[in-house]
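Visitor: I'm new to reading structures, and I keep meeting words that sound like verdicts. Could you show me where they come from?
Guide: Sure, let's take them one by one.

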Amino acid sequence: MLDFLNRHLMHPFMAWREGKQHLRHLRALERTQFDPPEVIRARQLAAVKEQLRHAWDTVPYYRAAWTKAGVHPSDVREFTDLQAFPVLTKADIRRHNRALVSSAHDVAKCRVKTTSGSTGVPLTIYCDEPAMQWKAACTVRSDEWSGYRLGQRVAKVWGNPEYRHFGLKGRLRNYFFDRAVYLDTLNLNDDRIAEFARVISRHRPGLIFGHAHSLYLVACALKKTGVTDVRPNGIISTAMILHDWQRSVIETVFGCKVTNRYGCEEVSLIASECEEHNGLHVNADSLYTEVTADGKLIITDFINRAMPLIRYEVGDVVVPSDRACKCGRGLPLIERVEGREADYVVTPAGNLISGISLTENFSNLVPGTAQMQIVQESVTQLRIRLVADDDFGDAGRRKIAELVRDTFGESVSHDVELVDAIPQEPSGKYRFCISKVARERMQEMGA
Ligand SMILES: [Zn+2]
């Protein structure tokens, strides 16, 4: 009943009060996802052309880069014409940040996203409000493919609960509206997992959402302690590789299929599995994707006008597909993503910390970080491998020392190893956090 009221009363009311369009967008997107592939492609092409014209007219970076490359938006008649346009790298975004912002937009009115992206490289992205709402609708549409329905309770297994940044207002909004319960994966132990299990047994979330390795760890702990009554409608695994062995444990414990999702802060949702769980549908209502001969994913975001990302090399390797999906949606498929991989690390007190959240936190907070990898050599020794910018120096080193102390305690020492690059594995995978010692503690928890 509460779920029903929340979906049909609270969400529309809040959307109306905040002047938001995402529910209207959602209704449209639910219809158009079944359009034939050629209709969707034609819509994408028209949207890409419009974004190119907008970028040429109002974004200094593109006008300069395209002039230098001898290309112009009017050259694009087919998707293949886009290949003459230069690729945008993470280094370009870091170097030319404000020159990528459209002169037609005021950054003060944009949503600012800071992220270490999908490869541990910290970036600042500006997104306009209409784009945020459209992207939110695209995300809800794919969330509902998992079996969850908007308005149902959500349980998040996640470092850094977002609502805490907004004080009492955030807590109230979360309590009445977003209805999310959190398990903070930056500080896990048996008691906290047991408490989370009690809460979700009682609250019966429609959706459990989190990083693959955290969902897996929680599933193992529940299995070990005999908790078998948590039955969500959907489970979404996001932001990192979901292995088949993790998927099968999570599905057995929760009695529910896992929906694998792929996205990044820079462009939001990129692709998601549907009910078929066979490949991921590209979010072709926001993005156009290309895959290079060596598997690199190149993304053109045609929704965010404030800071258009055109031919952006997101850093992940994917396996493309030209299959049609049995679900009947015309949205194109990719077979799988070779994305991020991270271990849990363990503190001297025996608490576990999600490596993906840890690295994201550290790389965003340490000034002068171009890329970071954390290696736990022993329970009391960390190695911070860092690709430094010109402005990395004493302030960055002090911040690392402070973060290590606050997160792990006084007994843990660290060294900072400056490196030229943090190479991808041959498969295209990025390993952000490697622990040589957490395995044993994970096994005690049942993993
Ligand atoms: Zn499908």
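Guide: Let's start at Ile241, which sits in the loop between β6 (234-238) and α10 (244-254). Keep in mind that this is a predicted model.

Visitor: Why is Ile241 called buried?
Guide: Its relative accessibility is 10%, and buried means under 20%. So Ile241 counts as buried.

Visitor: What is Ile241 in contact with?
Guide: Leaving aside neighbours within four places in sequence, Ile241 is in contact with Ala212, Gln246, Val337, Glu338, Gly339, Arg340 and Lys429. Take Lys429: 188 residues separate Ile241 from Lys429 in sequence, yet the two are 8.7 Å apart in space, C-alpha to C-alpha.

Visitor: What makes Ala239 worth a stop?
Guide: Ala239 is in the loop between β6 and α10 too. It has a positive phi of about 70° although it is not a glycine. Most residues other than glycine have a negative phi.

Visitor: And how do you know whether Ala239 is buried or exposed?
Guide: Same kind of check: the relative accessibility of Ala239 is 15%, and the cut-off for buried is under 20%, so Ala239 counts as buried.

Visitor: Where else is there a positive phi in a residue that is not a glycine?
Guide: His277 has one, of about 50°. You'll find His277 in the loop between β8 and β9.

Visitor: Let's talk metal. Which residues coordinate the zinc ion?
Guide: Cys274 (SG), His281 (NE2), Cys325 (SG) and Cys327 (SG) do, at 2.1 to 2.3 Å. Along the chain, the donors follow the spacing C-x6-H-x43-C-x1-C. Cys274 is in the loop between β8 (268-272) and β9 (280-282), while Cys327 is in the loop between β12 (312-320) and β13 (333-338), so this pair, 53 residues apart, links distant parts of the chain.

Visitor: Why is the arrangement around the zinc ion called tetrahedral?
Guide: Four donors count as tetrahedral if all angles lie between 85 and 135 degrees. Here the four donor atoms subtend angles of 102 to 118°, which makes the arrangement tetrahedral.

Visitor: Are Cys274 and Cys327 buried or exposed, and how do you know?
Guide: Cys274 has 1% relative accessibility, and Cys327 has a relative accessible area of 17%. With buried set at under 20%, Cys274 is buried and Cys327 is buried.

Visitor: On to helices. How do you know that α3 and α4 are roughly perpendicular?
Guide: The axes of α3 (residues 37-58) and α4 (residues 60-69) come within 6 Å and cross at roughly 100°. Angles of 65 to 115 degrees count as roughly perpendicular, and therefore α3 and α4 earn that label.

Visitor: Which residues make the contact?
Guide: From α3 there are Leu52, Ala55, Trp56, Asp57 and Thr58, and from α4 there are Pro60, Tyr62, Arg63, Trp66 and Thr67. They divide into six nonpolar, two polar and two charged.

Visitor: What about Asp143: what makes it buried?
Guide: Asp143, in helix α6 (residues 129-144), has a relative accessible area of 10%. The limit is under 20%, so Asp143 is buried. Not counting residues up to four places away in sequence, Asp143 touches Tyr148, Ile236 and Arg261.

Visitor: One last stop: why is Val419 called buried?
Guide: Its relative accessible area is 14%, and under 20% means buried, so Val419 fits. Val419 lies in the loop between β19 (413-418) and β20 (430-435) and, leaving aside neighbours within four places, is in contact with Arg385, Leu386 and Val387.

Note on methods. Residues numbered from 1 in each chain as written. Predicted model: local features only at pLDDT ≥ 70, side-chain atom pairs only at ≥ 80, totals over all residues. Heavy atoms only, no water. Axes fitted to C-alpha atoms, helices over the stretch in contact; angles between N-to-C directions. Helix = DSSP H or I, 4+ residues; strand = E, 2+ residues; numbered from the N terminus. Parallel < 35°, antiparallel > 145°, perpendicular 65-115°, else oblique. Contact = heavy atoms within 4.5 Å. Nonpolar A, V, L, I, M, F, W, Y, C, P; charged D, E, K, R; others polar. Donors = N, O, S within 2.8 Å, 3.2 Å for Na, K, Ca; no water. Tetrahedral: all angles 85-135°; square planar, octahedral: opposite > 155°, others 65-115°. Buried < 20%, exposed > 50% of the residue type's maximum accessible area, 1.4 Å probe, protein only.
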